[in-house]
Structures are given as structure tokens and as C-alpha cells.
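Subject: Structure for your review

Dear colleague,

Please find below the structure that I am handing over to you. My account of what was found in it follows directly after.

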Amino acid sequence: MDSRTKIVVKDLNAWFGSKHAVKDISLDILENSVTAVIGPSGCGKSTFIRCINRMHETIAGAKMSGSIKMDNEEITRSELDPVTIRHQIGMVFQKPTPFPTMSIYENAVAGLRLNGVKNKSVLDEIAETTLRHAALWEEVKDILQNPGVSLSGGQQQRLCIARALAVKPEVLLLDEPCSALDPSSTAKIEELITELKKELTIVIVTHNMQQAARVSDYTGFFMMGELIEYDLATTIFTQPAKKMTEEYITGRFG
Amino acid sequence: MLKQKMANNMLKRKIADKVFILVLRIFTFLAVLPLVCVLSYIIFKGYSSLSWSIFTNLPAPVGETGGGMGNAIVGTLIIVALGTLLSCPIGVFAGLWLAMYGKGKRGFLIRYCADVLSGVPTVVLGMVVYILFVLPTQRLSAMAGGVALAVVMIPSITRTTEEMVKMVPRSLTESALALGIPQYRVSWSIVLRSAWNGIFSGLILAIARALGETAPLLFTSFSNLYWNFSLNDPMASMTVQIYSYAISPYEDWQKMAWAGALLLVASILLVTVLVKRFSKRVIYG
């Protein structure tokens with residue numbers, strides 16, 4: 001792949017109170033690729049990606065240090081408003097979280113409307129493109145005014161992806177996006193991920209190794225807050241350099 | 001031997017079971033009995049004195065027929081509306097603050113104050129408003145009544161708002177923040193909007209309670225025998241009117257008190273039932 005580097009993480013550390021959750025992580029994330037972060041529960045993988053869009057600091061008692069650069073710009077600077085970073089780095093969470101008081105349409109454009117975009121025709125257009133983007137348009141185009149929570153779990157999750165895409169981020173962080181979904185919804189979302197990487201950079205946290213093997217170009221294995229191994233996904237899953245990685249991906253622990 | 005003993009125990013248990021359920025039934029019946037008695041007695045006593053003139057006429061002097069409490073009904077509506085206007089923003093914003101930033105000592109203190117305030121007898125609240133508001137302004141007034149009712153309503157609105165906002169899952173707030181929506185917009189358009197149905201029910205229940213308050217109004221809005229729409233003057237209210245009629249020695253007035261009581265209880269009941277019927281729970285995710 002002739003990709004250039006999108007995000008450079010250097011010596012990243014993160015804490016919750018006195019708990020040291022992420023330890024000295026350094027890695028490069030390439031543009032238009034899918035990078036998977038795998039590892040056992042509590043290994044710091046979610047915390048790691050939550051540092052990238054500055055969501056980590058919204059938790060009381062959370063701290064971080066080190067450097068994260070996107071397109072050579074330091075994004076951990078405290079004088080930089082996290083709100084602007086989150087416009088560029090979107091995130092979708094484990095549980096689908098459509099806003100309960102909003103319709104499908106309102107959910108899709110929530111990020112724009114709540115940032116002051118009022119022009120109806122602009123919103124209509126973005127709602128359609130973003131829902132098409134998230135492979136949901138055909139299923140919801142006739143029921144746009146129904147509540148977002150009336151959709152099935154898999155559809156809700158694609159609605160959340162649409163909602164994140166509507167603000168036109170350059171990077172999309174997915175925090176175990178399929179762990180609450182059934183296999184066929186999972187397959188749809190994986191297909192979508194492969195489609196989306198043509199336009200943006202994706203980082204996905206998953207504890208499903210088959211999923212990581214299926215969707216990712218690069219894979220990082222985390223353990224107790226440390227990055228054990230980071231390489232091409234094919235390398236990690238066929239001939240990992242570290243014994244611990246091999247033991248984990250062959251299912252001996254975790 | 002052992003089997004025999006267990007069989008005996010079984011019989012004992014079955015009897016104990018029956019007795020226990022019977023006791024529960026009796027006490028449950030005793031719990032609803034007062035409400036049934038109050039309602040049926042008020043309907044029995046008040047129904048015969050109900051007429052349209054109650055809604056339209058002013059109180060009549062002793063011996064004259066055809067009196068009403070139109071001014072008191074309007075007065076109650078005005079004073080309760082004032083109380084709601086004053087307490088709603090204070091209670092809702094205080095509750096929102098408590099839910100979002102009230103984890104520390106300050107939050108604990110404020111929550112504690114709200115709980116103590118809701119436990120203070122309302123007659124005491126009326127006296128305090130008398131000293132802090134009526135004495136400085138040198139007049140009993142509808143405004144003072146509204147302030148007193150607001151003081152009664154604030155703690156319950158605050159705590160309901162807090163509880164409802166706390167029920168909004170953290171994941172929802174996070175998703176909104178992750179979209180790059182500023183914190184104030186998230187609090188206002190996502191958190192408060194999601195919790196609003198519950199807050200609204202709490203607000204209506206606080207209003208229903210304020211409708212029935214007498215003590216805070218005795219020293220504040222007092223009463224008035226005439227129509228009054230000025231907030232700076234004493235204003236009649238149903239509860240105070242019922243109180244003064246009920247303790248009077250005249251039969252006409254006592255009848256009027258019963259009719260007023262029926263109206264008041266019926267409207268409180270109606271409000272409560274409507275809230276239960278129409279408040280929809282928001283489903284999260």
C-alpha cells in the first residue's frame with residue numbers, strides 16, 4: 001500500500017486516577033487503512049482510542065501524557081478545543097446510542113444541527129448521503145420520521161455510523177462496534193468498514209480476533225496497557241513475532 | 001420418621017402462608033381506606049353544594065344565598081402559576097447541575113439542603129417568607145404567596161430533575177460529545193431533552209401539591225373577598241377560603257367549604273391521573 005501516515009502516536013500514557021491504563025504506546029496509523037486494536041478485556045485498548053479523539057479527558061480523574069499528531073499537528077495540546085478535534089475524528093461506541101428523542105433523520109444530522117447548521121436543503125442532502133454511506137438509506141428512506149430507537153440493533157448501529165460520518169471526519173474510531181450485534185448485522189458493518197476505508201482512516205477496537213483478521217490491514221495487540229506487537233494483520237495472524245501474541249490469537253488466554 | 005415430620009411442617013407452612021397473605025391484605029386495605037373515606041365523604045358533603053355560581057360569584061355575606069368562590073379559584077390559579085414560574089427554572093437548573101457536577105462536597109451539601117427544605121413544615125416556610133418578603137414590602141400580596149409556593153416546590157423539582165437526568169445513560173452523552181457537539185449543547189439538547197418527560201411529570205406533581213397548600217399562603221397572599229388581579233395585593237385562594245369557611249360557625253359557609261374541598265381534590269386527582277396516563281418513558285437505546 002502506498003499510504004501515508006495519518007496519525008503518529010508517541011509515548012502515550014493514560015491514567016484513571018492512580019490506575020495506569022495505557023503505557024508508553026507509540027505507533028503510526030496509515031491513511032485509508034483499517035487498524036485493529038485487539039487484546040483481552042481491560043488491556044487499555046478502548047482507553048487508547050479514546051485518547052485519540054480526546055474523549056478520555058471527559059472522565060473525572062482521567063489524565064494522559066505523550067504526543068498524538070494528526071497530519072503533523074499535535075492534537076493533545078490543551079489550548080486546542082477538543083470539540084474541533086472531534087469534528088475530524090469521529091467515534092462509534094459499543095452499544096448503539098441513537099438519541100432517544102430524535103427521529104432517524106434528526107439522528108443522522110444531529111452533529112450538524114447541534115453545531116448550528118440550519119439550512120433545510122443542506123441537511124436533507126447530507127442526511128441522504130450519510131445514510132447511503134452507512135448502507136442504511138434503502139431500509140429507512142420511507143420511515144425517516146420514525147424514532148431512531150425503533151430500528152433494530154444492527155440498523156441503530158449503522159445509524160450511529162451515519163451520524164458520525166455526517167460531520168465529515170477524516171478518521172473514524174470504532175469501539176467494539178459489533179459486540180452487541182447478531183452475526184448478520186456484524187457482517188453488514190464489516191462490509192461497510194471495508195467500503196469506508198476508501199475515504200477515511202479507521203481504527204477499530206475489537207475482542208473478536210476473526211473480525212480483526214477479516215477487516216484490518218494493520219493490527220496491534222495490547223496487553224496490560226502495553227503494545228506487545230504491531231504489524232500487518234496478515235503477519236500478526238499468521239506468523240506473530242512474539243510468543244504472547246501467538247498464545248492470545250490461538251485462544252490460549254484472554 | 002423424617003418424612004412424617006416434613007409432612008407436618010408442610011401443613012404448618014401452608015397455614016403460615018395463608019395467614020401472612022391475609023395480614024398483608026388487611027393492612028393494604030387499611031392503607032387505602034383513608035383515601036376512600038376522604039373521597040367519598042367529600043363527594044357526599046360537597047356534591048349537593050356544587051353549582052355554577054361557585055365558579056363565577058364572589059363570596060356572599062352570611063345569610064345571603066348564591067355566594068361562590070370564583071375569585072378564590074382564579075386566585076389559586078394565579079398564585080400557583082407564579083410559584084411554578086419561579087420554581088421551575090430554579091429547580092430544573094439546580095437539578096441539572098446536581099446530576100452533572102454534583103459529585104463532590106458541594107453537591108452533597110446542596111442535595112442535603114434540598115432534602116431538609118422539603119421536610120420543613122410548610123407553615124414555617126410561610127412564616128419565613130412573611131419575614132423576608134412581606135415585612136420588607138409592607139404588604140400581604142399574591143407575589144408573596146407565589147414565592148412561598150415556589151419555596152415549597154423547589155426541592156421536589158430539583159430532586160426529580162436530578163434523578164431523571166441521572167437516568168440518561170453516560171453512553172448517550174459520550175456519543176454526543178464524540179460528534180463534536182459543545183458541552184452546553186449536549187446538556188441542553190441531548191441530556192435535558194431526553195430527561196424532559198420525567199422532569200415534566202415531576203413538575204406537574206409539584207404543581208398538584210402546591211394547589212393543595214394552605215399554610216404557606218396564610219401569611220403571604222392571605223385572602224380577599226373581592227376580585228383582585230393585582231399581584232401586589234392580597235389575593236383569595238381556594239385553600240385559605242376553605243379554611244376560613246370551614247372554621248366559621250355558619251352552615252352556608254361550611255357547605256361552601258365542602259364544595260370547595262371537592263373541587264380542589266377533584267382537580268388534584270385529575271392532574272395526578274393525567275400525568276400517570278400521559279407521561280411516556282423515554283427508551284434509551
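Before the details, one definition: two strands are said to pair if DSSP finds at least two bridges between them. Please also keep in mind that this is a predicted model.

I begin with strands S1 and S2 of chain A. Strand S1 (residues 5–16) and strand S2 (residues 19–30) of chain A run antiparallel and are joined by eight bridges. Within this pairing, A:Ala14 stands opposite A:Val22 in S2(A), and A:Ile7 has A:Ile29 of S2(A) as its bridge partner. S1(A) and S2(A) make up a hairpin, with two residues between them. In the turn, A:Gly17 has a positive phi of about 60°.

This hairpin belongs to an open sheet of four strands in chain A, ordered S2-S1-S4-S5, in which the pairing is antiparallel. S2 and strand S5 (73–74) of chain A are the edge strands, each pairing on one side only. Helix H1 (residues 45–52) of chain A lies across S1, S2 and strand S4 (62–70) of chain A, and runs at about 60° to S2(A).

Chain A also holds an open sheet of six strands, in the order S6-S7-S8-S3-S9-S10, and here the pairing is mixed. Strand S6 (89–92) and strand S10 (226–232) of chain A stand at the edges with a single partner strand each, so one side of each has no neighbour in the sheet. From one strand to the next, the twist averages 15°. S6(A) pairs with strand S7 (residues 171–175) of chain A in the parallel sense, over four bridges. In that pairing, A:Leu174 of S7(A) is the bridge partner of A:Val92. Helix H7 (residues 153–166) of chain A packs on the sheet and touches S6 and S7 of chain A; the direction of H7 makes about 170° with that of S6(A).

Where do the two chains meet? In chain A, 25 residues are in contact with 19 residues of chain B. Helix H2 (82–88), S6, helix H4 (110–113) and H7 of chain A each supply at least two residues of the side that touches chain B. By class, that side of chain A has 14 nonpolar, eight polar and three charged residues.

Chain B contains eleven helices and zero strands. Its radius of gyration is 25 Å, whereas a compact globule of 285 residues would have one near 19 Å. The C-alpha trace of chain B spans about 80 × 65 × 35 Å along its principal axes. Of the 285 residues of chain B, 38% count as buried. Among the contacts in chain B with a separation of 6 or more, 74% are between residues 24 or more positions apart.

One helix pair in chain B deserves a description. The axes of helix H8 (residues 183–211) and helix H11 (residues 251–278) of chain B come within 10 Å and cross at roughly 170°. H8(B) is therefore roughly antiparallel to H11(B). Residues making the contact include B:Ser201, B:Ile204 and B:Leu205 of H8(B), and B:Leu264, B:Ser267 and B:Ile268 of H11(B). The residues of this contact divide into nine nonpolar, three polar and no charged.

Yours sincerely

Terms used. Residues numbered from 1 in each chain as written. Chains lettered and ligands numbered in written order. Predicted model: local features only at pLDDT ≥ 70, side-chain atom pairs only at ≥ 80, totals over all residues. Axes fitted to C-alpha atoms, helices over the stretch in contact; angles between N-to-C directions. Parallel < 35°, antiparallel > 145°, perpendicular 65-115°, else oblique. Contact = placed C-beta atoms within 7 Å. Nonpolar A, V, L, I, M, F, W, Y, C, P; charged D, E, K, R; others polar. Rg over C-alpha atoms; globule rule 2.2 N^0.38 Å. Buried ≥ 20, exposed ≤ 12 C-beta atoms within 10 Å, placed from the backbone.
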